[in-house]
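I am opening this notebook to keep track of what I looked up, one topic at a time. I will begin with how open to the surroundings a side chain is, and then move to pairs, sheets and cores.

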Amino acid sequence: MFGKRILLGITGGIAAYKTASLVRLLKKSGAEVRCVLTPSASSFISPLVLATLSENPVHIEFWNKETGQWTNHVELALWADVMLIAPATANSISKMANGGCDNLLLACYLSLKCPCIIAPAMDLDMYQHPSFKRNLATLQKDNLHIIPATFGALASGLEGQGRMEEPENICQFVADFFVQKKNEAKSAQQKILITAGPTLEHLDPVRYISNHSTGAMGFALAQAALQKGHEVILITGPTQLSLWHPKLTRIDVQSADDMMSEVQAHWAQTDLGIFTAAVADYRPAQVSSTKIKKQEEQLSLALLKNPDILAWASANKTNQIVVGFALETNNQQENALKKLSAKKLDYIVLNTPQEGISGFGASTNIITIFGAKGQTIALPLMSKLAAAQALLEILDEKTHEK
Ligand code: C5P
């Protein structure tokens, strides 16, 4: 569970006292933990204990009554790879099943983009009540993962089903859940669209504007994706590179306009788009049908801005994951992050250019991956194929953690 982000929701039942051990176990497994409590949960477990063990502030109220500072439930929900609600009382389960939102924990739950696991705990008669069973069935239909309550001694002095599962088993359930997701991700075949190479913008029949891109990173990504069993549509500008595979559709283009048309034609059927092409930012405003003659000492060219293919794909995405590349010579991280948010990408891969080692024409690369959720993964110097394999592995995991 190394690096997994767990938002632990704690509701007001006696089993809440066991969440101190649960937080310790999750942390020991390498997870990051943030706790959000319903107001009544803090009567059963001290927020100070949870804050100390989780090494993070504990969230209970929508705002801090002393400072007026607001707790951003959306930010908390988006931060999480999974929300685990343990113990989940009959009252909270009822509200969750019906869209209730009268505390911070419920607001986080309603804002989730990640899976949610709940461990119900209550007295035996409540556990068997038809209304509770109805609510639990609703949550199951809403795709929640349920850790059933176990049999044993209950706080009421009665014996029966209603005890929250033991922290060790809850921790194991969460760990197994991530392994299962990873395996599902591995077996799921995707359709991946990759743009590669430079674009070539004609000036006249013999001249053009272009750049030094060789297409190597895009081709390495196509190869790595094919190795993983994915289907690839590789839309490439002029390049010397070759690649063949039965699951590869290669489309050769020249200009940014051609590349845009091909991306537009294939985008709707794509699961993941990786845009490595070094698209020319500008093209000649006019393309002469005959060779432009040498005349004056100076010649000015009027240039028109090319369409931003990546920005179009991002603005027109339905369910696709969109990954851009950035090659920056100065303020690298800052510029890459600006592109990530300006083009509304899921990830941006920063290519650090270093003469002969990384960037155009080199066989190796140094890349750093920035995610829209604030993730940063820096990879060491490696071959472009190894970097492509590592990037796809990371994307596969992230895509299927949803
Ligand atoms: O804005 P900038 O060109 O630096 O952004 C780089 C990213 O945007 C790369 O992923 C590149 O493939 C993509 N891009 C594009 N169409 C453009 C310009 C850039 O797809 N016209």
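Before reading any accessibility value, I wrote down that buried means under 20% relative accessible area, exposed means over 50%, and partly exposed covers what lies in between. I also noted that the model in front of me is predicted.

**Entry 1: salt bridges**

I searched the whole structure for salt bridges and found 13. I keep in mind that side chains of opposite charge can pair when their charged atoms come close.

I looked up K339 and found that it forms a salt bridge with E328, with 2.3 Å between the closest N and O atoms. K339 sits in helix 12 (residues 332-342), while E328 sits in the loop between strand 17 (321-327) and helix 12, 11 residues apart. Is K339 buried, exposed or partly exposed? Its relative accessible area is 29%, so I entered K339 as partly exposed. E328, with a relative accessible area of 9%, is buried.

I then turned to E393 and K228, a salt bridge in which the closest N and O atoms are 3.0 Å apart. E393 belongs to helix 13 (residues 384-400) and K228 to the loop between helix 9 (216-227) and strand 12 (231-236), so this pair ties together parts that are 165 residues apart in sequence. I recorded E393 as partly exposed at 29% relative accessibility, and K228 as partly exposed at 26%.

My last pair was R207 with D204, where the closest N and O atoms are 2.5 Å apart. R207 is partly exposed, at a relative accessible area of 32%, whereas D204 is buried, at 1%.

**Entry 2: cysteines**

How many disulfides does the structure hold? I found zero. I checked C101, which is in no disulfide, and the nearest cysteine sulfur, that of C108, is 9.0 Å away. A disulfide needs the two sulfur atoms within 2.5 Å, so a distance of 9.0 Å does not qualify. C101 is partly exposed at 41% relative accessibility, while C108 is buried at 0%.

**Entry 3: the open sheet**

I traced an open sheet of eight strands, in the order 13-12-9-14-17-18-20-21, with mixed pairing. Its edge strands are strand 13 (248-252) and strand 21 (376-378), each of which pairs on one side only. Ignoring direction, neighbouring strands of this sheet are turned by 15° against each other on average.

Inside this sheet I followed strand 9 (residues 191-196), which runs parallel to strand 12 and is joined to it by six bridges. I noted one residue pair here: I192 has V232 in strand 12 as its bridge partner. Helix 12, the helix that holds K339, packs on the sheet and touches strand 17, strand 18 (347-351) and strand 20 (367-371). The direction of helix 12 makes about 155° with that of strand 18.

**Entry 4: a hairpin**

I looked next at strand 7 (residues 150-153) and strand 8 (residues 159-163), which pair in the antiparallel sense over four bridges. G152 stands opposite G160 in strand 8. The two strands form a hairpin with five residues between them, and G157 in the turn has a positive phi of about 95°.

**Entry 5: a serine in a loop**

I found S111 in the loop between helix 5 (104-110) and strand 5 (116-120). S111 is buried, with a relative accessible area of 16%. Leaving out residues up to four places away in sequence, S111 touches H73, V74 and A77.

**Entry 6: nonpolar cores**

In soluble globular proteins, nonpolar side chains tend to be buried together. With this in mind I looked up the largest nonpolar core, which has 32 residues, and noted that L37, L84, I170 and V174 touch the most other members. Among the elements that give two or more residues to this core are strand 1 (5-10), helix 1 (19-28) and strand 4 (82-88). Which element gives the largest share? Helix 8 does, with five residues.

I followed V174 further: apart from residues up to four places away in sequence, V174 touches M1, I6, V82, L84 and I117. I also recorded a second, separate core of 31 residues, which includes I192, F219, L221 and L248. I192 is thus a name I met twice, here and as the bridge partner of V232.

Notes
Residues are numbered from 1 along each chain as its sequence is written. This is a predicted model: local features need pLDDT of at least 70, side-chain atom pairs count only at pLDDT 80 or more; totals for chains, interfaces and linings use all residues. Side-chain values use heavy atoms; hydrogens and water are left out. A salt bridge is a side-chain nitrogen of Lys or Arg within 4 Å of a carboxyl oxygen of Asp or Glu. Buried means under 20% relative accessible area, exposed over 50%, partly exposed in between (1.4 Å probe, protein chains only). Two strands pair if DSSP finds at least two bridges between them. Axes are lines fitted to C-alpha atoms, for helices over the stretch in contact, and angles run from 0 to 180 degrees between N-to-C directions. Contact means heavy atoms within 4.5 Å. A nonpolar core is a set of buried Ala, Val, Leu, Ile, Met, Phe, Trp, Tyr and Cys residues joined through side-chain atoms within 4.5 Å.
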